[in-house]
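Here's a quick round of questions about how the labels on a model get assigned. Have a look first, then we'll go through them.

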Amino acid sequence: MKYKYILSAILVSSLFFISCNTADKKEALNAEQEKVTSDFNYNAEQFADIKILRYQVGGFDELNLQQKKYVYYLTQAGLAGRDIMYDQNYRHNLKIRRALENVYQNYTGDKNSEDWKKFETYLKRIWFANGIHHHYSNDKFKPEFSKEYFDTLLKETNTALAGEAYDVIFNDADAKKVNLNADKGLLKGSATNYYAPDITAEEAEAYYAKIKVDKNTPIEKGLNSKLIKENGKLTEKVWKSGSLYGASIDKIIFWLQMAKEVAENENQAKGLDLLIKYYQTGDLKIWDDYNIVWAKSTEGDIDYINGFIEVYNDPKGYKGSYESVVQIKDFDMSKKMEALAHNAQWFEDNSTLMEEHKKKDVVGVSYKTVNVAGEAGDASPSTPIGINLPNNNWIREKHGSKSVSLGNIIEAYNNAGGTDRLKEFAFDENEVKTEEEYGQLADKLHTALHEVIGHASGKINDGIGTPKETMKNYASTLEEARADLVGLYYLPDAKLVEIGISPNAEAIGKAAYDGYIRNGLLTQLIRLNFGDDIEEAHMRNRQLVSAWVFEKGAKDNVIEKVTRDGKTYFVIHDYTKLRALFGDLLKEIQRIKSEGDFKAGKALVETYGVKVDQAIHKEVLERNSQFKSAPYSGFINPVLVTETNDAGEITNIVVTQPESFTGQMLEYAKNYTTLPDEN
Ligand SMILES: [Zn+2]
């Protein structure tokens, strides 16, 4: 499963949720989305409803040459399959894309006209969506230029595009990529190319019902093939070497073989060997064998996914979309987490929990952040922010799974917004400056504390059920609140400086507290439609924590609600007392969980975490409306450039940034055209 940002109309401001309900994948998003921009230019461009961003590849320079080659070959393998995704999305996508690219590169007429700009936007939307349907809504794009204009372009550039592939650009056919409305026919109503157009959902279902699989170790049947009709009989055309998509797959195999030669360890090489065999044979049993090795392959600094993996694009849920992501361990974050895990007992012993609720032998939770080095297929330009694989359940249960956050992607999302929103909601210059200097680091430390220490802390009294049983629908909010509070309590602690992960206890504490309160009481409301209650567990937790300390600290003026020029701010006056309040709430929430006190848990969440102050919500939405930006974001990939000696051997590989989205898309078209127009 991958985790993607979902955007609703109100979030026209680079704010996002993730589709998963696995609580901990969302953690990396705990920060508000008003983070500061560093020197790196995250924003490449904007068109239609799309924003194109860039990401940096932290840690790449720390790799040795062999590791760099490993990353390079794996990213090449990923890109070699790029065309597959276009063809999977729609049978005419490659033909249309190539015709438009030909026009784009050869047209010599007026390129300042409105028509040309509309044509350009249409092509960019296709590049972004890997086809002529919107990546999120699944609706076919409507060109804003006329048929007559398009005809002129085709003619003047000698571009051939006719028949169905031409007509479909302007007519109403194949209007939906993935149709989930059964009345229209799940397959007949979907434009995706996983089934021949004359096959119905019922026929496909009957076909796959007949394929018997081992009950205990079922293969993912239908994952890597197109279902077609031959002489009236259903049969599968498997995506493998020598068959459908064979030309692409052979290129993928070539690069995987190169990667295998420079793998970091035996297990990685063994995995690649199986993946290659799978691509050669199309045997889904080998795909399972591969996934078992892959799931257990946790040594080494580099990891990847490559294959036909997610089935969201098939309304019947059998067929895997091609995708690839190559990742490097986040060395900086790993160091912080290791230092925390190493000291987990100290944090438990020194927390504000009641003695009987402290664990005697606490073990830090392991949490993995990686940095992406390259993406392709379904993972690009629209990218996941977390990956949890393999998908096959029996493998997950028997052999384990791997779950990672894509740290540099999340960082890029957070930074792309610039400082304008921060300046709107921060009380003064000082608050802005603290955030700019320390906000990002404070966030990282908070995430690390939350995950490694927070979720590991505390114990349930003997005879009391699990929080899921005792706290029911309030369990996740309370668990997230507890983990956040552990982080908040320790962020200003000198211990973090002592163990070498914080530069300045006071400054980090201030940045973290300012940011948390600002988000919990103001900015996170941007994500909510006016009039709605807060439903999502992390959002409930943040408001609960912020509203509780605001109320309890009121008599000492710990946090003051200030109105200036009709705008509301929350200003922290006493950071020491605030820390103590966080500690008090931590103790109370742990007590509730340890004792299974449902009534108190419910009261806490319902009183502080659910209802929204309507006047403030209205004001926040109004203040936020000035920050217009496209609702969907995606990324161009950094370019890995090889340096070679006279003998042609790679001597170094460096990361560079592409100049533009268009430039990269045309580069890809030039270098990774691996399939014919029709497959
Ligand atoms: Zn959490």
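Q: What makes the link between the side chain of His134 and the backbone nitrogen of Ser137 a polar contact?
A: In this predicted model, the side chain of His134 reaches the backbone nitrogen of Ser137 at 3.0 Å. A polar contact is a pair of N or O atoms within 3.5 Å; within protein, one must be able to donate a hydrogen and the other to accept it, and residues adjacent in sequence count only if both atoms are side-chain atoms. So 3.0 Å fits within the 3.5 Å limit.

Q: What are the ground rules behind these values?
A: Since the model is predicted, local features need pLDDT of at least 70 and side-chain atom pairs count only at pLDDT 80 or more, while totals for chains, interfaces and linings use all residues. Residues are numbered from 1 along each chain as its sequence is written, and side-chain values use heavy atoms, with hydrogens and water left out.

Q: Why is His134 called buried or exposed?
A: Its relative accessible area is 5%. Buried means under 20% relative accessible area, exposed over 50%, and partly exposed in between (1.4 Å probe, protein chains only), so His134 counts as buried. The residue is found in the loop between helix 4 (114–129) and helix 5 (147–156); helices (H or I, at least four residues) and strands (E, at least two) are DSSP runs, numbered from the N terminus. Leaving aside neighbours within four places in sequence, His134 is in contact (heavy atoms within 4.5 Å) with Asp49, Arg125, Ala129, Asp139, Phe141 and Tyr632.

Q: How do you know whether Ser457 is buried or exposed?
A: Same test: Ser457 has a relative accessible area of 5%, so it's buried. Ser457 also sits in a loop, the one between helix 16 (429–453) and helix 17 (467–470). Its contacts beyond four places in sequence are Glu348, Leu353, Lys359, Arg482 and Gln590.

Q: And what makes Val452 buried?
A: A relative accessibility of 1% does it. Val452 is found in helix 16, and touches Met337, Leu340, Ala341, Gly364 and Val365, not counting residues up to four places away in sequence. Val452 and Ser366 are 86 residues apart in sequence, yet their C-alpha atoms are 6.1 Å apart in space.

Q: Why is strand 5 called largely enclosed?
A: Because 5 of the 5 residues of strand 5 (residues 50–54) are buried. Ile50, Ile52 and Arg54 cover one side, with Lys51 and Leu53 on the other. In a regular strand the side chains alternate between the two faces of the sheet.

Q: What makes strand 5 paired with strand 4 and strand 15?
A: Two strands pair if DSSP finds at least two bridges between them. Strand 4 (residues 43–47) and strand 5 are joined by 4 bridges and run antiparallel, while 5 bridges join strand 5 to strand 15 (residues 632–636), running parallel. Asn43 has Leu53 as its bridge partner in strand 5, and Lys51 has Ser633 in strand 15. In the hairpin of strand 4 and strand 5, with 2 residues between the strands, Ala48 takes a positive phi near 45 degrees.

Q: How do you know that the length of helix 1 agrees with expectation?
A: The expected span is 1.5 Å times one less than the number of residues. For the 16 residues of helix 1 (residues 65–80) that gives 22 Å, and the end C-alpha atoms are 22 Å apart, so the two agree. Of those 16 residues, 13 are buried. Asn64 caps the N-terminal end, with a side-chain oxygen 3.1 Å from the backbone nitrogen of Gln66.

Q: What makes the span of helix 20 agree?
A: Its 17 residues (505–521) should span 24 Å, and the end C-alpha atoms are 24 Å apart. Helix 20 is mostly covered, with 15 of its 17 residues buried. At its start, a side-chain oxygen of Asn504 reaches to within 3.1 Å of the backbone nitrogen of Glu506.

Q: How do you know whether the radius of gyration of the chain agrees with a compact globule?
A: Taken over C-alpha atoms, the globule rule is 2.2 Å times the number of residues to the power 0.38. With 679 residues, that comes out near 26 Å; the chain has 26 Å, so it agrees.
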